[in-house]
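Thanks for coming. I have one structure to go through today, so let me put it on the screen.

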Amino acid sequence: MTLAHTLGYPRIGANRELKKATEAYWKGELDREGLETVGRELRARHWQAQRDAGLDLVTVGDFAFYDQVLNVSALLGAIPSRFGADSEVAEGDVSLDTYFRLARGRAPSGTPAAACEMTKYFDTNYHYLVPELHEGQRFRLASQRLFDEVAEAQAAGHPVKVALVGPLTWLWLGKTKGADFDRLSLLDEVVTVYGQLLACLAAQGVEWVQLDEPALAQDLPQAWRQAYEAAYNRLGSVPPKLLVASYFGALGDNLQLAVSLPVDGLHIDAVRAPEQLTPVLDNLPAYKVLSVGAIDGRNIWRADLAARQEGLADARKRLGERLWIAPSCSLLHVPVDLEAETELDGELRGWLAFARQKLDETVTLARLLGGRATPDDRARVEAASAALASRAASPRIHKPAVAQRLAAVTAADTERASPYARRAVEQHRRLGLPLLPTTTIGSFPQTAEIRAARRAFKAGELDRETYEARMREEVAQAVARQEALGLDMPVHGEPERNDMVEYFGELLEGFAFTRHGWVQSYGSRCVKPPVIYGDISRPAPMTVRWSEYAQSLTDKPMKGMLTGPVTILQWSFVRDDQPRETTCRQIALALRDEVADLERAGIAAIQIDEPALREGLPLRRGAWAGYLSWAVECFRLSAAVAGDATQIHTHMCYSEFNDIIDSIAALDADVITIETSRSDMQLLDAFQDFAYPNEIGPGVYDIHSPNLPEVAWMVQLMEKAAERIPVERLWINPDCGLKTRTWAEVEPALANMVEAAQQLRRKY
Ligand code: GLN
Ligand code: ZN
């Protein structure tokens with residue numbers, strides 16, 4: 001036989017039960033036992049789903065009330081002292097509320113403290129809690145949860161494989177606090193605790209433990225590679241058997257290291273990196289199991305089972321029963337169950353597979369390879385082949401006009417007519433703005449009324465005309481408020497947008513939306529990414545009438561507001577039948593038409609947001625340049641249609657520009673607004689060192705904080721900015737959009753910001 005398993009399964013539940021239960025618990029509406037019950041029920045259901053599908057092992061340890069990296073931090077007793085939980089750690093029983101306080105700063109019990117930092121897990125949209133590491137830190141087995149979960153699964157009669165983030169990746173994801181030091185100095189003790197943990201699991205009768213080591217798909221310093229060897233030399237020699245799991249890309253120069261680790265099994269991602277299968281087979285020691293990730297755990301497309309079977313025939317021949325089959329990574333990154341999508345048309349649905357369906361695919365593939373295929377398996381393969389053939393030929397996907405237009409794009413299409421210096425003269429003449437112009441990033445508060453109106457509209461209780469009239473009223477109010485505040489470049493406020501990607505996806509062809517396709521983003525927060533299934537085109541203008549209307553209400557220059565091509569790509573499930581960059585160029589062309597239409601409608605400034613540009617960076621440094629080159633080109637393709645007198649803005653809300661500053665400059669936006677307030681304007685050093693030539697709006701206050709920014713504070717920040725960037729090229733604006741704030745917070749904050757601008761103008 002060929003064993004089938006999964007690296008992990010979504011824990012949120014088909015109806016986001018985990019989200020609802022944890023949020024109810026935080027609000028005090030559900031007690032702890034109630035929350036634990038929901039957790040137990042979800043685990044039981046998910047294990048049963050794995051068994052029903054026919055997996056040979058169920059995965060235990062992938063459940064988390066918040067985050068699987070935080071789970072390991074709790075297991076290791078890595079609880080920062082500000083949480084005052086030393087006695088819990090000493091007793092080996094970190095409480096649920098301590099766990100939640102690490103994640104969110106507060107919990108129903110315990111003293112609030114600053115939450116741990118959160119950041120993206122490798123190149124996914126999943127966020128983990130960053131382990132805090134300090135010199136000389138001690139570790140000890142400090143949580144019983146995992147062992148309880150193992151016992152639960154065993155009591156239900158399941159064959160258990162435990163899955164955990166491995167020791168090297170856990171340390172790799174950690175950040176040093178206090179004086180900087182080498183994280184590897186902590187490895188010895190971390191490995192000791194992993195050793196204890198594994199011994200406990202062995203004592204419980206667990207045969208296999210999967211240790212996730214996706215860091216192996218990244219560039220590792222030599223010391224880290226040696227650390228891998230040292231750590232697994234210590235862990236691999238006694239039961240349980242270890243399966244070291246790599247995913248999200250090729251092992252690359254870590255291949256030799258990974259195959260030689262003295263453990264019983266290795267998992268590789270053969271979806272993102274199919275080319276590594278043969279070299280891994282050529283180098284795999286004869287004692288070792290190879291788990292091949294053959295079903296895409298990062299995307300929602302139905303697998304071509306016949307092709308996968310063929311591609312793995314050689315592996316099966318060479319490995320026999322040492323070949324295992326799995327999804328490429330944990331199914332955490334895809335929605336739960338396609339069955340729930342009753343409103344999706346049948347054809348499109350036939351092209352998709354969510355987590356539940358991917359279990360079936362995994363099992364069928366394993367049975368095919370193991371020579372145990374049932375008639376049902378054969379029917380499944382045939383159905384998949386038929387669906388894929390329909391997808392490959394569908395006129396819904398392939399639009400010759402889109403391809404032709406793309407083929408006709410030339411380098412000139414990505415160049416503005418004149419260089420920035422020349423454009424700036426025309427723009428400044430046309431716009432007539434004061435020194436240090438004030439503006440905002442686009443959105444204004446999404447009030448309860450706005451949200452209620454949208455819900456009613458989507459539910460069919462409010463007709464389009466009434467809904468849009470209400471949104472226009474919101475625009476009018478936002479414009480009036482900005483006039484009263486004295487902002488130099490107003491925006492329409494984005495009340496009509498639910499989400500900056502979904503809004504555009506709904507107006508573009510080639511996008512589909514699910515009803516229940518939720519994926520965990522962090523903690524209880526889930527997102528529902530659009531599905532890009534076909535060639536993208538823009539049937540009609542998307543934003544023009546909103547901007548036009550807003551412009552009609554004021555003499556100040558209204559800033560049009562678009563989401564950029566890279567961000568739309570990055571926050572969607574993207575088709576897998578053409579390169580990502582091709583899809584991105586298609587989006588860019590659709591946006592280019594929107595820019596042209598806005599310009600024609602008299603809009604003199606257009607912002608193209610690219611907050612996700614940095615997120616798209618590949619895991620390997622060597623691949624950055626290739627990505628950045630097409631990402632930048634796509635932005636320019638959207639923007640370059642604008643005439644010299646139209647000012648193109650862009651916005652990015654992160655604070656790391658050093659290593660990509662040349663690409664940021666290559667965007668050639670006339671104005672870029674960025675997050676800086678929390679970096680005390682030090683972020684501008686990168687722009688200064690690069691001699692960044694265009695205009696910059698460094699955010700002067702943090703919109704995530706409810707605190708009112710003071711005039712003097714913003715003045716001194718801008719003075720620091722002016723030490724780095726010529727004052728004629730500076731703008732004044734908040735860090736990011738204001739949609740999560742209330743008007744009661746926004747109005748005084750912006751009033752202070754305008755006052756700061758006035759004081760600064762008197763000075764410069
Ligand atoms: N224009 C968007 C807004 O203001 C930008 C959001 C973002 O950067 N994430 O909401
Ligand atoms: Zn932002």
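I will start with the annotated binding-site residues and then turn to the aromatic rings.

Please keep in mind that this is a predicted model.

The unreviewed UniProt entry carries a "binding site" annotation that covers Arg-16, Glu-17, Leu-18, Lys-19, Lys-120, Arg-525, Cys-526, Trp-571 and Glu-615. These residues are spread over 600 residues of sequence, and in space they are up to 28.8 Å apart between C-alpha atoms.

Take two of them. Lys-120 is in strand S3, residues 118–120. Glu-615 is in the loop between strand S18 and helix H24. Leaving aside neighbours within four places in sequence, the contacts of Lys-120 include Tyr-126, His-127 and Glu-615. On the same basis, Glu-615 is in contact with Lys-120, Asn-125, Gln-570 and Trp-571. Is Glu-615 buried or exposed? Neither: its relative accessible area is 21%, so Glu-615 counts as partly exposed.

Now the rings. The whole structure has 23 aromatic pairs. One of them is Trp-351 with Tyr-533, a tilted pair with 6.5 Å centre to centre and 50° between the planes. This pair links distant parts of the chain, 182 residues apart: Trp-351 is in the loop between helices H13 and H14, and Tyr-533 is in strand S16. Trp-351 is buried because its relative accessibility is 2%, under the 20% cut-off. Tyr-533, at 10%, is also buried.

Tyr-503 and Phe-504 have ring planes at 90°, so they form an edge-to-face pair, with centres 5.4 Å apart. Both are buried.

Last, charges over rings. Arg-391 lies over the face of Trp-301, 3.8 Å from the ring centre. The charged end of Lys-528 sits over the ring of Trp-518, at 5.4 Å from its centre.

Definitions and conventions:
Residues are numbered from 1 along each chain as its sequence is written. Chains are lettered from A and ligands numbered from 1 in the order in which they are written. This is a predicted model: local features need pLDDT of at least 70, side-chain atom pairs count only at pLDDT 80 or more; totals for chains, interfaces and linings use all residues. Side-chain values use heavy atoms; hydrogens and water are left out. UniProt positions are given in the numbering used here, feature names are shortened, and annotations may be inferred rather than shown by experiment. Helices (H or I, at least four residues) and strands (E, at least two) are DSSP runs, numbered from the N terminus. Contact means heavy atoms within 4.5 Å. Buried means under 20% relative accessible area, exposed over 50%, partly exposed in between (1.4 Å probe, protein chains only). Rings of Phe, Tyr and Trp (its six-membered ring) pair if their centres lie within 6.5 Å; planes under 30 degrees apart count as stacked, over 60 as edge-to-face and the rest as tilted. A charge sits over a ring if NZ of Lys or CZ of Arg is within 6 Å of the ring centre and within 35 degrees of the ring normal.
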